[in-house]
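Hi there,

Here is the structure I promised to pass on. Have a look at it first, and then read on for what turned up when I went through it.

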Amino acid sequence: MHVDAGDTAWVLGSAALVLFMTPGLALFYGGMVRSKHVLAMMVQNLGTIAVVSVVWAVLAYSLAFGPDAGGGFIGTLHLAGLAHPTAQVPGFNLTVPPLAFATFQMMFAVITAALLTGTGADRMRFNGFLVFASVWAIVVYAPIAHWVFSPEGWLFKRGVLDFAGGNVVEIDSGASALALAFVLGRRRGWPRDVMAPHSLPLTVLGAGILWFGWFGFNAGSALAANGVAAQAFVSTQLAACAGLLGWLVVERWRTGHATTLGAASGAVAGLVAITPAAGYVNAMAALLIGFLGGITGVLAVAVKFKFRYDDSLDVVGVHGACGVVGTLMLGVLAMHGAGLHLLREQALAVAVTIAWAFTLTYLIATVVQRTVGLRVSPEIEVEGLDTAVHAESAYDFGNVRAGRMG
């Protein structure tokens with residue numbers, strides 16, 4: 001195996017960028033919840049980094065990228081515990097050390113599980129969620145990653161294209177979020193009570209970190225410092241900008257206002273939409289996909305009010321719906337191989353990803369709810385997770401006032 005120093009540096013740097021996305025997500029989500037839940041949101045994201053990283057190294061990586069166990073459905077335990085660290089990953093012709101690839105993919109598993117904290121905002125138990133995320137990474141995420149990302153996976157062999165996780169990350173998390181929302185039930189008072197974001201500056205900062213990290217997420221998926229990485233990089237930037245503009249255009253048309261939260265959400269929607277297509281489409285196609293992502297996102301977010309499911313921070317609307325748009329548009333706009341056949345295969349991948357993620361997530365969440373417990377008590381929800389669960393407060397205004405008086 002030839003190891004290229006430049007490719008290795010790029011993939012390891014991209015892995016760090018993708019890891020940085022999860023603290024960015026903690027800020028993005030933390031600003032969107034009420035002040036009494038902000039620390040709970042942040043520690044759930046930090047906890048996800050820890051538990052999913054361990055689960056990935058011990059078991060999930062091998063299930064996702066180990067030698068196929070038969071039928072393209074799941075990998076064997078050949079790579080469990082990160083065994084055989086110098087052996088080539090089955091099906092790949094890597095120019096980076098296998099451990100660099102394993103680490104890069106680890107960060108994908110982390111951020112995908114962390115996205116689900118947005119669905120359970122304001123009402124999810126910390127320990128229950130960590131148990132849920134650990135099982136989910138093995139049972140839901142790893143098989144889908146094997147199907148789509150591994151050259152030995154059955155969807156990969158059918159010709160499905162997913163450059164950086166339209167199915168594996170975005171549609172997977174969106175379908176899982178819907179199932180999780182059903183199991184958790186609505187927040188107390190939703191949708192009657194106003195539950196406005198408590199700190200939009202935190203959300204904007206988080207969106208900026210996500211945008212920054214997404215270059216590693218998408219361009220790093222080229223697994224080399226080459227022209228494909230450059231194409232994915234520019235596609236990511238253009239789609240984010242187009243998504244931001246698309247969201248604001250629709251928001252302004254519908255409400256008369258272009259909001260800060262809409263701008264941040266639109267950028268993320270554009271980034272989600274381009275994720276499956278970043279290295280497979282040209283710059284103008286990336287603009288179109290990002291713009292459609294922004295429009296789709298703002299419209300999809302409103303669906304939860306019609307169907308009365310409480311996806312607190314819109315994982316279904318932004319990640320699920322926009323991931324579907326990007327995955328299907330890739331079938332139409334891919335630089336090579338676009339056409340009816342590819343579109344059919346992309347649609348098949350969307351359908352089976354949704355079915356698997358929703359069904360298994362619903363079962364896992366239900367079992368965790370009935371054993372460890374996944375939702376906090378009404379009293380804790382009213383008091384706030386920060387003080388009731390973590391014995392902390394993000395903003396100690398009493399001490400500030402006392403200091404001024406002194």
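A residue counts as buried when its relative accessible area is under 20%, as exposed when that area is over 50%, and as partly exposed in between. By that cut-off G47 is buried, because its relative accessible area is 12%. Please keep in mind that this is a predicted model.

While we are at G47, you will find this residue in helix α2, which covers residues 38-65. How far apart are G47 and V3 in space? Their C-alpha atoms are 33 Å apart, with the two positions 44 residues apart in sequence.

**The overall picture**

The protein has 16 helices and zero strands. Its C-alpha trace spans about 65 × 45 × 45 Å along the principal axes. For 406 residues, a compact globule would have a radius of gyration near 22 Å, and the 20 Å found here agrees with that. Of the 406 residues, 56% are buried. Looking at contacts with a separation of 6 or more, 78% are between residues 24 or more positions apart in the sequence.

**How some of the helices pack**

Three helix pairs are worth opening in your viewer. Let me start with α9 (residues 260-274) and α12 (residues 315-333), whose axes are 7 Å apart and which pack at an angle of about 45 degrees. That angle makes α9 oblique to α12. The crossing of α9 past α12 is right-handed. From α9, the residues that make the contact are V268, A269, V272 and A273, and from α12 they are V318, H319, C322, G323 and G326. Sorted by class, the contact of α9 with α12 consists of six nonpolar and three polar residues, with no charged ones.

Helix α12 also packs against α6 (residues 166-184), here at an angle of about 140 degrees and with the axes 8 Å apart. These two helices are therefore oblique to each other as well. Which hand does the crossing of α6 past α12 have? This crossing is left-handed. On the α6 side the contact involves G166, N167, E170, I171, S173, G174, A177 and L178, while α12 brings V315, V316, H319, G320, G323, V324 and T327. The contact of α6 with α12 divides into six nonpolar, eight polar and one charged residue. If you compare the two lists for α12, you will see H319 and G323 in the contact with α9 and again in the contact with α6.

Helix α6 has a further partner in α4 (residues 126-148): the axes of α4 and α6 come within 10 Å and cross at roughly 140 degrees. So α4 and α6 are oblique to each other, and their crossing is right-handed. F132, W136, V140, Y141, I144, A145 and V148 of α4 meet N167, V168, V169, D172, S176 and L180 of α6. By class, the contact of α4 with α6 holds 10 nonpolar, two polar and one charged residue. N167 of α6 is listed in the contact with α12 and in the one with α4.

**A glutamine to look at**

Q105 sits in helix α3, residues 98-115. Is Q105 buried or exposed? Q105 counts as buried, because its relative accessibility is 6%. Leaving aside residues up to four places away in sequence, Q105 touches W56, F65, Y141 and F149. Y141 is also one of the α4 residues that meet α6.

**Backbone details in the loops**

Lastly, a few spots where the backbone is worth a look. The peptide bond from W190 to P191 is cis, and its omega is near 5 degrees. P191 belongs to the loop between α6 and α7 (200-219).

Two residues that are not glycines have a positive phi: H84, at about 55 degrees, and D314, at about 65 degrees. H84 lies in the loop between α2 and α3, and D314 in the loop between α11 (303-307) and α12. How do they sit with respect to the surface? H84 counts as partly exposed because its relative accessibility is 40%, whereas D314, at 14%, counts as buried.

Enjoy exploring it!

Best wishes

How values were computed. Residues numbered from 1 in each chain as written. Predicted model: local features only at pLDDT ≥ 70, side-chain atom pairs only at ≥ 80, totals over all residues. Heavy atoms only, no water. Helix = DSSP H or I, 4+ residues; strand = E, 2+ residues; numbered from the N terminus. Buried < 20%, exposed > 50% of the residue type's maximum accessible area, 1.4 Å probe, protein only. Axes fitted to C-alpha atoms, helices over the stretch in contact; angles between N-to-C directions. Parallel < 35°, antiparallel > 145°, perpendicular 65-115°, else oblique. Left-handed = near helix turned anticlockwise from the far one by under 90°. Contact = heavy atoms within 4.5 Å. Nonpolar A, V, L, I, M, F, W, Y, C, P; charged D, E, K, R; others polar. Rg over C-alpha atoms; globule rule 2.2 N^0.38 Å.
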